[in-house]
Amino acid sequence: MEEKIAVVGAGSTKFRPDTSEQNWKELMFEGASKAYTDAGLNPRKDIDSFVTCAEDYWEGFSIYDEFVPDQLGAAMRPTCTVCGDGLHGLAIACMQIMSGMVDVVAVEAHSKISDLNTYNDVVLFAFDPIYNRPLAGHPYYVAGMEMNAFLNGSGNTEEQCAGVVSKNMTNALKNPLAAYGKRVGVGDVMGSEPMFSPAKKLDIAELVDGSVVLVLARAEKAKDIADNPIWITGFGWNSGTPWLEGRTWGRASYAEEAAKMAYKMAGIAEPRSEIGFAEVDDKFSYKELMHLEAVGLAGRGQAGNDLENGRFHADGDLPINASGGSLGCGNLIEASGLHRALEVVLQLRGQAEGRQLNDVERGLAQSWRGVPTASGAAAIFER
Amino acid sequence: MTKPENPRGVELSSKQMKEGDVIVNKWDPRVKYAWATGEAISRFLEEMKNGKLIARKCDSCDRILFPPRMFCEECFKPTTEWVYIKDTGKIETYSISYLDKDARRITDPIFVGVVSIDGASEKMGIMHYFDETTKEDIHIGMPVKAVWKPPEEREGAITDIKYFRPLKEGEE
Amino acid sequence: MTIFRRRLQETGKEMSYEASKMALEEAGLELKDVDSVVLGSAPDAFDGIHLKGENLLDGAGGAGKPYLRVFVGGGTAVFSPIAGWWHVASGLADVCLVVAEEKMSSCFPHPQSAFGHIWDPILDRPLKPNLVWIFAMEMNRYMTVHGIKKEDIARVAVKNKRNALDHPCAQLAADLTIEDVLNSEVLAWPVQMLDISPPSDGASAMILASEEVAKKLTDDLVYLSGAGWCIDSTMWTDRDLYFPEYVARAAKMAYKMAKIENPPKEIDVAEPYDPFDYKELHHMEGLLLCDKGEAPILTREGVTERDGDLPVCPSGGLLGVGNPIAATMGIKACEIYWQLAGKAGKRQVPNDPQVGICQAWGDLMQYGSVLIMRRG
């Protein structure tokens, strides 16, 4: 990447299943205030552009963009909504800087999913209206189908997926932001209620509310703003086909392509040896294994074995989701990817408290937009 | 060559839809929300029940913000103080609507507009209905006063005010 | 762009495909030449699909590519090409396909119902508002502050609907008189039926390329030279609606980038957002193309006619061609491109225009997006 861009501010609310004492504006204000304080910037003067990541039906509005600016300090400023995950927002922010139009950008993503009383119906509403939606049912059956295809195709096992849950929920015990930190074993997961077989209750990340904000700046500015800028050295995003019928089930092409784009930008040829740790999407347990194989951090069919060998644990060679991931912290909907990025930034800064990894120089954050999409993004961060 | 050249697309008339010439695929989405109102608006709604309008003050810019909010969007700082304001104000703009919310025609028009509220900073107000006036009399700049529902009918909603009516001479 | 109509047979995917295909054909490119795709589309409630960007992505040519959807209400129409510009200007893409789609007719029985959800759920929605109200309230304020007569506003509808007679996609082209507009049904005073653009289905697409690639494709280069975007506070009942300050901020940002110091002199053709007739005037003022309150006078004097000193909405605008929200990119950004490239045929403004501006507006009287182009 020719233009150097740094994360100069990072902030987040805690992640909680219910935030009924705050409205969405107050929740976002809290996340933004923390990030701006962290950066030492006044958004009314020092930030050139604001990006939020949101979708109308998550929020309950026809044009959610209207309800964004005030709480971000963005009123009467260049501001936009990206209908994507937080890492898509990060990509837009980086492109704004690289195009020379702005110097400092704030990226916000959030979940206020507790305001939505009919989550399943809204997810179903994202299905193709003619071919898929009339089949109704709980929309997560698509994840069950994918998990089945992935396990059959790759040779990974249900027990290994349960191992992901155990690792991530345990990791979350050390994350003060996390909502679902808990000591669970493989047996607990295997014994949990069958939901979308082979997916069981504990294989599925529970929903939470929260707001995450990162402030990015071009190199010349970044050095003035931050003592410990964390550099974004590559990013990418990609979408596979929206047709459920047309997918190569069990393969996350969006993650492969997004990572390839990010690696190319960052000049990474051998991700397995060049990346020290990663935060990957784990809205369902199998997704962590699937994504690790897709982004080249594990060989095809090997992710489960690597996990069992301890490679992905906090004290392993390649710690994965030391934050606790979505399984341990909660599914933050479109903010999930930005939370992955936040954790990478905190680790690289040495601010990850009880879950701090040793000697980390470079980390990957990867996201997926959830059922029924085949869209995701990735970004590389370095000290 | 004029662009766009030979634009594509096939028009479908509502007649074709109604008479079943085309297959129509319908879906009634089940989408329900219960928005947390938050600190500022919760108090605002509670005070509406009491028949009062309340605002928040920003210490930094000295504005009295209405509708109230916990942070000032100009200063990006938390607001500091609750301030009761009046239930009188001025019509900033208005419309006389012959459409309901789904664009259906109505014969008894709705008088609606923005009222800036006395006691709040300049231009700060809410959208609401007007009544006890006529198409001829209503005008921008007209002083108005809230007409509240009886206390037992109030539920903590913007509709606890039924409408705003012209302020009478000598009235506050 | 596709034709704009109250209802098209094509699905959103199909419309996106048709528009993308036409843009690729005009550029002499194939989808494999496209590095990334931007989709602009307004509320999901129109198409009746949650995450509609995901559903539309194969129609828009985005499958297997970096693909993003941006959404800033009605401002999306001009914001989408700005987002496409970032893809190219950042060096990430040599060719970016920008697709704008709107399928309003899927919202049944009337797209108005979707607009019911653009309001604040606590402060506004219990009053059962209609979208036309915001325009009526803004128009009334604008008229009252400047003492503007309705007939001077009606001229805009007459001009744009007449201009649209020359647009092959037009939905509501007509040769009308000011009296026709003034005698049309009152919907929400001061807004009457012929003051309004219609809900439409439609899609449009444009292709942005790096200079190096573009030079291989055409000799008539049109450059993007300035972009601006700005959002005002959500609290729309706290501001004076007579002037769109947010549009002025966006315009200043774009002028600065394009190094334009005297907009009325330097801009040769303009496509401000005209979902209602008064909005064209409001936005001319917001774009600093004239003084506050002066736009109706310029219109009366014929300055904004296609052969006037400052042609405004030569496409026929939303009033004449139709208003498929985001897809109006086709009569804003695409039109300015066609005008500067000399490809606008019967709509072509005379005198060899060199610099053009387009603008879109959206959200709760809150969003301005501005794009300036110049001939190479």
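Select strands β4 (residues 186–189) and β5 (residues 191–192) of chain C, which pair in the antiparallel sense over two bridges. Strands here are DSSP runs of E of at least two residues, helices are runs of H or I of at least four residues, and both are numbered from the N terminus; two strands pair if DSSP finds at least two bridges between them. This is a predicted model, in which local features need pLDDT of at least 70, side-chain atom pairs count only at pLDDT 80 or more, and totals for chains, interfaces and linings use all residues. Residues are numbered from 1 along each chain as its sequence is written, while chains are lettered from A and ligands numbered from 1 in the order in which they are written.

**The hairpin and its partner in chain B**

Display Ala188(C) and Val191(C), which are bridge partners. With one residue between them, β4(C) and β5(C) form a hairpin.

Which strand of chain B joins β4(C)? Add strand β6 (residues 88–99) of chain B to the selection: two bridges join β6(B) to β4(C), and the strands run antiparallel. Label Ile96(B) and Trp189(C) next; Ile96(B) stands opposite Trp189(C) in β4(C).

**A covered helix in chain C**

Move to helix α12 (residues 277–286) of chain C, where 10 of 10 residues are buried. A residue is buried if 20 or more other C-beta atoms lie within 10 Å of its own, exposed if 12 or fewer, and partly exposed in between, with C-beta atoms placed from the backbone. The buried residues of α12(C) include charged side chains such as Asp277(C), Lys279(C), Glu280(C) and Glu285(C). Among the others are Tyr278(C), Leu281(C), His282(C), His283(C) and Met284(C). After the helix, select Leu288(C), whose phi is positive, near 65°.

For confidence, colour chain C by pLDDT, the predictor's confidence in each residue from 0 to 100. Chain C averages 97, and 100% of its residues score at least 70. For the complex, the predictor gives an ipTM of 0.97 and a pTM of 0.97.

**Chain B as a whole**

Isolate chain B, which holds two helices and 10 strands. Along the sequence, its pattern is α-α-β-β-β-β-β-β-β-β-β-β. Why is chain B described as more spread out than a compact globule? Its radius of gyration is 23 Å, well over the 16 Å that the globule rule gives for 172 residues. That radius is taken over C-alpha atoms, and the rule is 2.2 Å times the number of residues to the power 0.38. The C-alpha trace of chain B spans about 60 × 45 × 40 Å along its principal axes, and 37% of its residues count as buried.

**The contact between chains A and B**

Show chain A beside chain B. The contact takes 25 residues from chain A and 19 residues from chain B, where two residues are in contact if their C-beta atoms, placed from the backbone, lie within 7 Å. On the chain B side, helix α2 (residues 38–49) gives the most, with three residues. By class, that side has 12 nonpolar, three polar and four charged residues; Ala, Val, Leu, Ile, Met, Phe, Trp, Tyr, Cys and Pro count as nonpolar, Asp, Glu, Lys and Arg as charged, and the others, Gly among them, as polar.

**Chain A alone**

Finally, isolate chain A, with 16 helices and 11 strands. Its radius of gyration is 19 Å, which agrees with the value near 21 Å for a compact globule of 383 residues. Buried residues make up 67% of chain A.
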